[in-house]
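Here are my notes on the structure, set out as numbered points so that each can be checked against the coordinates. I have kept to local features and have grouped them by the part of the chain they concern.

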Amino acid sequence: MKKKNTIILAFLCVLVLFISNNIFAQSEKLVTIESVVADENGNPVENAQVFCDKAYTKTDPNGKFSFVVESGSKVVIEAEGFEKVILTQIEIQSMSGVELKKTPFMYGENNKVDVAFGRVFQGDVVGAVSSLDVSEINAIDNTIWAGDVLTGRTLGLLGSNSIRGIGININVASLTGSGLESGNALFIVDGLPRDIESLRLSEIEKISVLKDVNAAILYGTAAVNGVVLITTKRGEPFKKKMDFSFNYGLSTPRELPEYLGSAEYMTYFNKARESDGLAPLYSDETIDNYRNGNMYRYPDVDYYSDEYLKDFKTYFDLNGEFSGGNENASYYTNVGWYSSGGILDFGEGANARNNIFNVRGNVDLKINDWIKTSVDGSSLFGNNKGQRGSFWGNASSIRPFEFTPLIPFDLIDPENSLLKGRKNDVDGKYLLGGNSNYLTNSIADSYAAGVVEAIYRKFSFNNRIDFDLNKVTQGLSFHTNISFDYFTSYLQTIANEYSVYEPVWAEDEDLVVDLIQHGNDTRPGTQVVGGTYFKRRFGFYGQLSYDRMFNDVHHITGSLLGYGNNYKEEGDFQGVKSAHLGLQLTYAFDRKYLVDFSSAYVNSVKLPDGNRGGFSPSLGLAWVLSNEDFLASANNVDYLKLRLSGGILKSDIPIGGFFYYDNRYGGSGSYNWYEGTRSRSGIASSWSSNPNLGYAKRNEINLGIEGMFFDKVLGAEVNLFYDVYNDLVTRPSTAYPSFYSNFIPYENFNANQYKGIEFGLTFNKSVGDWDFYLAANALYVTSEQTKVDEVYDNDYQYRKGNPVDATFGLEAIGFFEDQQDIDDSPYQTFGTVKPGDLKYKDQNGDNIIDGNDEVYLRRWQAPFSGGLQMKVSYKAFTLYVLGEGRSGSETFKEGSYYWIDANDKYSEVVRDAWTPETKNTAKYPRISSQSNSNNLRRSSFWLYNNDYFEIRKVQLNYTFPEAVTKSLLMKDLNVFVNTSNVFQFAKNKEIRERRIGGEPYYRTFSIGVKANF
């Protein structure tokens, strides 16, 4: 608590310091300036922003403004659709008015888009690029973390990290540092690869998603699945800002597992034994005792009850931003503290707390007229403190009657010698319970085992230098960027040993007459450090750029770059190294016709000499039809652009390791030949060499059209894409005889194809005091395995021709009704079968059910996905709603909650189990007290529809009137209430929202305030 108070005090001191220095401090000489802002035709510009370091205002409907500034200050004037101007106070007072020059449509300051190694106007974008203006999101949505903002908002993004749902199915920890699987995009933060864990949304200025090969190719092999570009905020000259936000919230579990109590479990376990032909294990008397008897003698532990869980857990978040500067230096600083509690309501679990502190500083310096530099640094400090042990794992596996967690003193014979010298009383009322099978358990762990703190640190550093080489030739520049990132974590534990006590009960009363002690009570009090982990990354690039407009008609740009990246993590001896050269040439004629050639010459140490280099070319074309004369009279068409791109991107990402091209020998083994009748032992080959091993390739064609209509009220974008991933690396066993298995080399063999369409629509309209904004995006993608290394006996077994995300399994056709049904059916090879077990279809007619009867069952990735946004404003109130959904995929009910046999803990699903009495209504196969491998395997029986549409976010904002904010010396002040994961529309909602073996999924409610100075 002392540490927490110190941090709060420090934060408040910073706040007071900035307010006193920047608001209450008065200049020795202040002047009032008044002027009018108009366009080139003399029309007044309303709501133009006028600001200097310590003053801010907007123009009225007549374009007028008036405010007090320090003598000699520079004043910045901005308005949407106009070029920004910077004038001194003296210049403004000497002018009759300020004239703003209009910018061409899609070429204003607000139309800049981040692309690979640069920032361009939206009108100059040729590739398939989606962008998010984070300042607009922050104004209506209080999402804290960057990783939570992408889902549902971004055209072409499936979830938060899969672009178009396509990609190479591998582990890409080396790219993102996150260890997430298959098809993930490459994340670039401030120019170089980084993970975005714990990156605040408030730190970010812009997000761009580079979806096609042409847009992403400059990032080389790692960009094979597309790129997400994130640019953090920077200070703006003469625009001093201070923003503070605070919010407090609570999270409630969306769905909790439901397990049978002790008496009900015993009843169903007896039924399981009956179905196995065995005698009941539990007598009626025993079952009745566990139903109605003393809860300590006959325990019935519900780990998900309010005895162990709170109704909700809480969190708070405090964030401050400071920025400003002048023409020579500018700065941006972000300081944040996020703290969340736990949902456990006992022992150390009740005191669990996760604290994350972050600080970022971005500084831009003008060295001289032709050199500028930027130095960025960010740090994150995390401390997640909680109880030892695995509560959630035990909660999903320990049966309710196994032991009594707490034994009350008032039920123990007071003369028992074990009560003397005890160390681990609970609230002075209980002893910790257990037995020889549970010498430790999650309940006792939380009370007596001590605490564990997961401590983690992250440091990031960037240094960019920009050289303006206009003196050499106009439009020429050179840029360098170097980054270093380091993440480390470890566990800091105070580990106690403790005794648990097994009660011995009197035969004729509920009294503990003896205690059996298991274990010893020791509290060393020393901290033990372990579980260390680190990852580090070093990246750099150098870029020679050319950007020049000739006669306001011919726009020529080009870049030549060298790029390198080195990633290493704990336990990885080799690390991941990548380096390539990039070349980009673009030409635009009169903002109508655009051509972009982007390419990379990549290099890989995973490939043999002679094959390590590879050229990846791409070409993009764009035609702005709205600038043509034949559309000049189409008043309802504000902007219309047609785009076409294609390219080949070579990548070594599918090559899972090093030296696949070389002949490798492993441990001892044997060689077989002559149809397996001959063999000899020795040092075995792992695979033979392949000097022709090469890159996998992504080949793509993308056709897109985008436009704005009806005076920017309606916007639309459509992209069609066709991708072929070929030369995927595998060991093609079908191309070699069976005796050659030890020598089969890695080869470029497999191929997949994807095709789909993405569609986005926006509607933006104001009616009086009402403002309406609607946005929808949709994605449809399908895939096919076109070349696969496989040989099967039956056509239906082949993966070729099926989706890349296909899952195969058995087709269930019901339950066996009786023994006669079993005798008359094909023989099932998965163990002894009894009435009530699953019956499978004999696909090949050989009267045997085995792996040869597995057929295509489902796609695990939804082919249809999309998002929906709605913003409605009325005067000072704004309501924002975000929804996201998917359709077309199926998922298996599996894991311990659904696949139950032997001595497993029973969930509520067994209530629908097959018995001779329920065989006509049963929804679950018979339960067995033995291992049952026949039922518990992937088959059509376990499939469920995974379609859903979820209201992910609802937020209501209220902005205080200007009179109030001025009296508080603020620019803006608003309060908000929001909720996340509000509601889900799904056929199988309970299954989707239930989490087994881990902390529950949550629905969150919060309230907060934002203040801008």
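**Notes on the predicted model**

1. Tyrosine 639 has a relative accessible area of 4% and therefore counts as buried. This, like everything that follows, is read from a predicted model. The aromatic partner to consider with tyrosine 639 is phenylalanine 105, and since the ring centres are 5.9 Å apart with the planes at 70°, the pair is edge-to-face. Phenylalanine 105 belongs to the loop between β7 and β8 (112-115), whereas tyrosine 639 belongs to strand β33 (residues 637-651), so the pair ties together parts that are 534 residues apart in sequence. Phenylalanine 105 itself counts as partly exposed because its relative accessibility is 30%.

2. A second edge-to-face pair is made by phenylalanine 830 and tyrosine 840, whose ring centres lie 6.3 Å apart and whose planes stand at 80°. Phenylalanine 830 is in the loop between β42 (827-828) and β43 (838-840), while tyrosine 840 is in strand β43, 10 residues apart. Both phenylalanine 830 and tyrosine 840 are buried. Over the whole structure, the search finds 61 aromatic pairs.

3. One aromatic cluster is formed by Tyr259, Tyr303, Tyr304, Tyr308, Phe346, Phe391, Trp392, Tyr447, Tyr897 and Tyr898. Two of these residues, Tyr259 and Tyr897, reappear among the contacts of serine 907, which also include Glu258, Leu260 and Ile900, once neighbours within four places in sequence are left aside. Serine 907 is located in the loop between β48 (890-892) and β49 (943-945), and it counts as buried because its relative accessibility is 0%.

4. Helix α6 (residues 262-275) contains 14 residues and reaches 20 Å from its first C-alpha to its last, which is close to the 20 Å expected at 1.5 Å a residue. Its buried residues are Ser262, Ala263, Tyr265, Met266, Tyr268, Phe269, Asn270, Ala272 and Arg273, and the buried residues of α6 pack against α7 (284-292). Just after α6, glycine 277 adopts a positive phi of about 80°.

5. Two lysines are placed with their charged ends over aromatic rings. The charged end of lysine 271 sits over the ring of tyrosine 268, 4.6 Å from its centre, and the charged end of lysine 787 sits over the ring of phenylalanine 749, again 4.6 Å from the ring centre.

6. Where do the edges of the open sheet in the order β4-β1-β7 lie? This sheet is formed by 3 strands, and its pairing is mixed. The edges are β4 (64-70) and β7 (98-99), each of which has a single partner strand, so one side of each is left without a neighbour in the sheet. Strand β1 (residues 30-38) runs antiparallel to β4, to which it is joined by 7 bridges, and threonine 32 stands opposite valine 68 in β4.

7. Strand β52 (residues 1002-1012) should be looked at together with its antiparallel partners β17 and β51. Strand β17 (residues 241-253) is joined to β52 by 11 bridges, with phenylalanine 244 standing opposite alanine 1011 in β52. Strand β51 (residues 972-985) pairs with β52 over 9 bridges, also in the antiparallel sense, and here threonine 979 has phenylalanine 1005 in β52 as its bridge partner.

Notes
Residues numbered from 1 in each chain as written. Predicted model: local features only at pLDDT ≥ 70, side-chain atom pairs only at ≥ 80, totals over all residues. Heavy atoms only, no water. Helix = DSSP H or I, 4+ residues; strand = E, 2+ residues; numbered from the N terminus. Expected span 1.5 Å × (residues − 1). Buried < 20%, exposed > 50% of the residue type's maximum accessible area, 1.4 Å probe, protein only. Contact = heavy atoms within 4.5 Å. Pairing = 2+ DSSP bridges. Phe/Tyr/Trp six-rings, centres within 6.5 Å; stacked < 30°, edge-to-face > 60°. Lys NZ or Arg CZ within 6 Å of the ring centre and 35° of its normal.
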